[in-house]
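Please read the following note with the sequence and the structure open beside it. The points are numbered so that each can be checked in turn.

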Amino acid sequence: MGQNEPILGERLERVLFDQGTIRECIAGMGGRIAQDFHGEPLTIVAVLQGGALFMADLIREIHLPLRIDAVSVSSYLGGTESSGKVTFLQEKLPNIEGRNVLVVDDILDTGRTLSAICSRFREECNPKSIRTAVLLSKKIERSVEFEADYVGFEIGNEFVVGYGLDYQDEYRNLPMIGVLKDEWIGRI
Ligand code: XMP
């Protein structure tokens, strides 16, 4: 970063959720998930890259025997608009046969990503059950019929970064979630 560059958080126009608010929300969600699964073991599958941070914090709030895994997909191609196509970037899917599965992602937007992952898991992996959790859900009409079972916060139709969410693969390490200043769109 050059000498006159603002620190990362100062590139935000608005902060939607700060670190404490996110932590509290995830603690509540973890408690609900643990209750709903009544002590049954669980496999949490993070959608990489963004879902990894959410999973790391969420699993420490779920007091159940659990395993973790991940699935790597791409739909955004680095910009602020979804490409509309979900591509699986790995050949081998998680081993979830006979398991209760919770797929976790940072954000539900068009619905295509989670819908494609759940369909593929159901068709090819023979899980016992599949549920989904997202930290954020955009309040928009989805491109496919899909809603998550657990939602942290609902937001409007705006592009957000931080806490795993990126713009051109940057900003994932911001501890808060916010909207970038226009001047930082189109440059890094
Ligand atoms: P879909 O549209 O498939 O989107 O529900 C889910 C994936 O798209 C990415 N996404 C975003 N990433 N800011 C981001 O940094 C956003 O506002 C945003 N909306 C969608 C994200 O990777 C998610 O897994």
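The points below treat the ligand and its surroundings, then a single serine, and then a pocket.

1. Status of the model. The structure is a predicted model. Every statement below should be read with that in mind.

2. The shell around the ligand. The ligand is surrounded by 17 residues. Among these, D105, T110, T113, V160 and D166 are the closest. Sorted by class, the shell holds seven charged, six nonpolar and four polar residues.

3. Polar atoms facing the ligand. Two threonines may be inspected here. T110 places a polar side-chain atom 2.5 Å from an oxygen atom of the ligand, and a polar side-chain atom of T113 also lies 2.5 Å from a ligand oxygen atom. With G111 it is the backbone that takes part: a polar backbone atom of G111 is 2.8 Å from an oxygen atom of the ligand.

4. Cover of the ligand. How much of the ligand does the protein bury? On its own, the ligand exposes 500 Å², and the protein buries 93% of that area.

5. Elements that contribute to the shell. Two elements, β5 (100–108) and α3 (112–124), give two or more residues to the shell around the ligand. Of the elements, β5 gives the most, with four residues.

6. The position of S75. Is S75 buried or exposed? S75 sits in the loop between β3 (66–74) and β4 (87–88). S75 counts as buried because its relative accessibility is 14%, and the cut-off for a buried residue is under 20%. In sequence, S75 and R112 are 37 residues apart, while in space their C-alpha atoms are 8.6 Å apart.

7. The second largest pocket. The second largest pocket contains about 190 Å³ of space. Which residues line this pocket? The lining consists of Q19, I22, R23, I26, L53, D57, R60, E61, Y163, N173, L174 and P175.

8. Make-up of the pocket lining. By class, six residues of the lining of the second largest pocket are nonpolar, four are charged and two are polar. At least two lining residues come from each of α1 (19–36) and α2 (51–59). The element that gives the most to this lining is α1, with four residues.

9. Points to locate in the view. A reader may begin with T110 and its polar side-chain atom 2.5 Å from a ligand oxygen atom. The reader may then turn to the loop between β3 and β4, where S75 has its place, and finish at α1, which supplies four residues to the lining of the second largest pocket.

Conventions. Residues are numbered from 1 along each chain as its sequence is written. This is a predicted model: local features need pLDDT of at least 70, side-chain atom pairs count only at pLDDT 80 or more; totals for chains, interfaces and linings use all residues. Side-chain values use heavy atoms; hydrogens and water are left out. A residue is near a molecule or strand if one of its heavy atoms lies within 4 Å of it. A polar contact is a pair of N or O atoms within 3.5 Å; within protein, one must be able to donate a hydrogen and the other to accept it, and residues adjacent in sequence count only if both atoms are side-chain atoms. Accessible areas come from the Shrake-Rupley method with a 1.4 Å probe; for residues, only the protein chains shown count as cover. Ala, Val, Leu, Ile, Met, Phe, Trp, Tyr, Cys and Pro count as nonpolar, Asp, Glu, Lys and Arg as charged, and the others, Gly among them, as polar. Buried means under 20% relative accessible area, exposed over 50%, partly exposed in between (1.4 Å probe, protein chains only). On a 1 Å grid over the protein atoms alone, a cavity is a set of points where a 1.4 Å probe fits but cannot get out, and a pocket is an open set with protein on both sides within 12 Å along at least five of seven lines; lining residues have an atom within 4 Å of a point. Grid points are joined across faces, edges and corners, and a volume is the space filled by probe spheres set on the points.
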